[in-house]
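Could you open the model in your viewer and keep the sequence panel beside it? We will go from stop to stop, with something to select at each one.

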Amino acid sequence: MPGQRSLGLDGPRRILLAQTSFAGDVVLTLPLHDALAAAFPAAEIHWLVRPAAVGLIAARVGVDRVHIFDKHGKDAGGAGLLRTSRRLRAGRFDSALAVQRSFRTALMLALAGIPFRAGFADAPGWWLYHCRVARRGTHASERLLALAAALGVAPEGLSLPPRLVVEPAAARRIDVLLEREGIAAEARILVVAPGSVWATKRWPAAAFGALMVSLVPARFDAAIVVGTAGDRIACGDAVRVASGARVVDLCGRTDAAELVALLARASCAVANDSAVGHIAATLDVPLVSIFGPTVPEQGFAPRGAHVRVVGLPLGCRPCSRHGTARCPLGTHACMVDLDVADVREALLAGLEPPQGGQVTG
Ligand code: SF4
C-alpha cells in the first residue's frame, strides 16, 4: 500500500488526467487541466477518457494526448482493464491524477505502474494513491481543481468556465450538414437537447416541442435537436410535437467535436441538466439549463455569464445527486409542472445583453 508521497523537485514531465465519466464531467475537469498547464508549461498533459468524450478535448490538447478507455465497450471487464493498464504503462507517465472517485480507475493506474498517483481521499481505492486530496469547493469544477494540490499547485483566480476549442474539420462537417438541411450560414439557430441519461432529469419532450413551436420562426430561423443515440425517443417526440416549425433532427448524427462546432454556430441553446449545457457554457452561447430533481447548489450546473438555470421551487428538490429513473413521489412535478412560458421567458431574457449569470428556482 503506497504511503503519502510527493513528487520530486523537478515537478512532473508527463501527467495523466484520468476522467472516464460523462462528457459533462470532462468539461468540468478543464480548469484542472488549465491549472496544471499553467504551472508546468514544459510538461505533457494527457487525458484518459471514454470514446464519446475524445472529440471534446482532442482539438484542445492534441489527438496524441488523448487515450481511450472504452469501459462499457471493448475495454469492459478485467481483460479490458489490464489491456488499458498496459497501454498506459507504455505511455511512461510520471504522475497521474484520478479525477473520478472510482476503484477501477485507482486499480488501473496502479497496474500501469505510474510512480506518482493521486486521487480523492474519499475515493474507493484511496489506499492505492500516493497522495490523497480532500474534496473542497462548492462547484464540481472547484472540487476537481483541488486535485492540483497533489502536484503542489494552488490555483487561484482561474476564470470559469473554461473554453472548448472548435475543431476545424468538425466545423466544416457541420457547415456541410446544415447546408444540406437548408440552414443558411447566417441563420439564427436554437439548439435543443431534450435528452438525459436519467428519466427524472428530462423536461417532457412535448414541452420541448411546444417551446420550439413558440420560438421558430418568431425568434429563430430554425431549431436543431441534438442528443446521443440513447436520446432518440425524447428527441423524436419533441420533433413530432414541433412538426409545424422549421426543426432539424440531428439526434445521434453528431459526435462530440461536431456538437461543439454546432453549438458554436448557435444563437441560443436549451437543455436539461446534461453535457450539452456544459458545452454551450464554455462557448458563451446563451443557455437555458432546466433543472428538476437536482439543483445548482449541488455544484454541477453549467457556469457562465450567459447561463440561466430554471427550476420550480419545490420542497422535494433535490431528491438525488445525479437524477434517477423514477420520481420517488410518483409525480415528477419538478419537470411536468414547469411551464413552457417560463422556459421561453428565461430564454428570451438570455438573448438580451448579458447582465451576469442568473439562477432561479
Ligand atoms: S421527488 Fe420531487 S424533485 Fe424528485 S423527481 Fe419527484 S418531483 Fe422531481
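The tour below moves through strands, helices, cysteines, salt bridges and a surface patch.

**Before you start**

This is a predicted model, in which local features need pLDDT of at least 70 and side-chain atom pairs count only at pLDDT 80 or more, while totals for chains, interfaces and linings use all residues. Residues are numbered from 1 along each chain as its sequence is written, and side-chain values use heavy atoms, with hydrogens and water left out.

**Stop 1: strands 1 to 3**

Select strand 1 (14–18) and strand 2 (residues 44–49). Helices (H or I, at least four residues) and strands (E, at least two) are DSSP runs, numbered from the N terminus. Strands 1 and 2 pair in the parallel sense over 5 bridges; two strands count as paired if DSSP finds at least two bridges between them. To see one bridge, click isoleucine 15, whose partner in strand 2 is isoleucine 45.

Now add helix 1 (23–39). Strand 1, helix 1 and strand 2 make a right-handed β-α-β unit. Right-handed here means that, with the strands pointing away from the viewer, the path from the first strand over the helix to the second runs clockwise. From strand 2 the chain continues through helix 2 (residues 54–61) to strand 3, again in a right-handed β-α-β crossover.

Strand 3 (residues 66–68) pairs with strand 2 in the parallel sense over 3 bridges, and tryptophan 47 stands opposite valine 66. How many residues of strand 2 are buried? The count is 5 of its 6 residues, where buried means under 20% relative accessible area, exposed over 50%, and partly exposed in between (1.4 Å probe, protein chains only).

**Stop 2: strands 7 to 9**

Next, select strand 8 (residues 222–225) and show its side chains. Ala222 and Ile224 point one way, Ala223 and Val225 the other way, and all are buried.

On one pairing, strand 7 (residues 189–193) runs parallel to strand 8, joined by 4 bridges; isoleucine 189 has alanine 222 as its bridge partner. Helix 7 (residues 205–215) completes a right-handed β-α-β unit with these two strands.

For the other pairing, strand 9 (residues 247–249) lies parallel to strand 8 over 3 bridges, with valine 225 matched to aspartate 249. Here helix 8 (residues 232–241) is the helix of the right-handed β-α-β unit.

**Stop 3: an arginine and an aspartate in helix 8**

Stay on helix 8 and select arginine 240 and aspartate 237, which lie 3 residues apart, about one turn of the helix. Their side chains meet in a salt bridge (2.6 Å, N to O); the term means a side-chain nitrogen of Lys or Arg within 4 Å of a carboxyl oxygen of Asp or Glu. Arginine 240 is exposed at 56% relative accessibility, whereas aspartate 237 is partly exposed at 32%.

**Stop 4: cysteines**

How many disulfides are there? The count is 0, taking a disulfide as a pair of cysteine sulfur atoms within 2.5 Å. For cysteine 251, the nearest cysteine sulfur is that of cysteine 235, 3.5 Å away. Cysteine 251 is buried at 8% relative accessibility, and cysteine 327 is partly exposed at 23%.

**Stop 5: helix 10 and beyond**

Select helix 10 (residues 275–282). Because 7 of its 8 residues are buried, helix 10 is largely enclosed by the rest of the structure; among the buried ones are His278 and Ile279. After the helix, find aspartate 284, whose phi is positive, near 65°.

Aspartate 284 also forms a salt bridge with arginine 163 (3.4 Å, N to O). Arginine 163 sits in the loop between helix 5 and helix 6 (168–180) and aspartate 284 in the loop between helix 10 and strand 11, so the pair ties together parts that are 121 residues apart in sequence.

**Stop 6: one more salt bridge**

The whole structure holds 15 salt bridges. Another to display joins glutamate 142 and arginine 303 (2.9 Å, N to O). Glutamate 142 is in helix 5 (residues 140–145) and arginine 303 in the loop between strand 11 (287–290) and strand 12 (307–310), so this pair links parts 161 residues apart in sequence.

**Stop 7: a surface patch**

Finally, select Phe22, Val197 and Trp198, which form a nonpolar surface patch with about 280 Å² of accessible area together. Patches take residues with over 30% relative accessible area and no salt bridge, joining like charges within 9 Å and nonpolar side chains (Val, Leu, Ile, Met, Phe, Trp, Tyr) within 5 Å; accessible areas come from the Shrake-Rupley method with a 1.4 Å probe, and for residues only the protein chains shown count as cover. Phenylalanine 22 lies in the loop between strand 1 and helix 1 and is partly exposed, at 38%.
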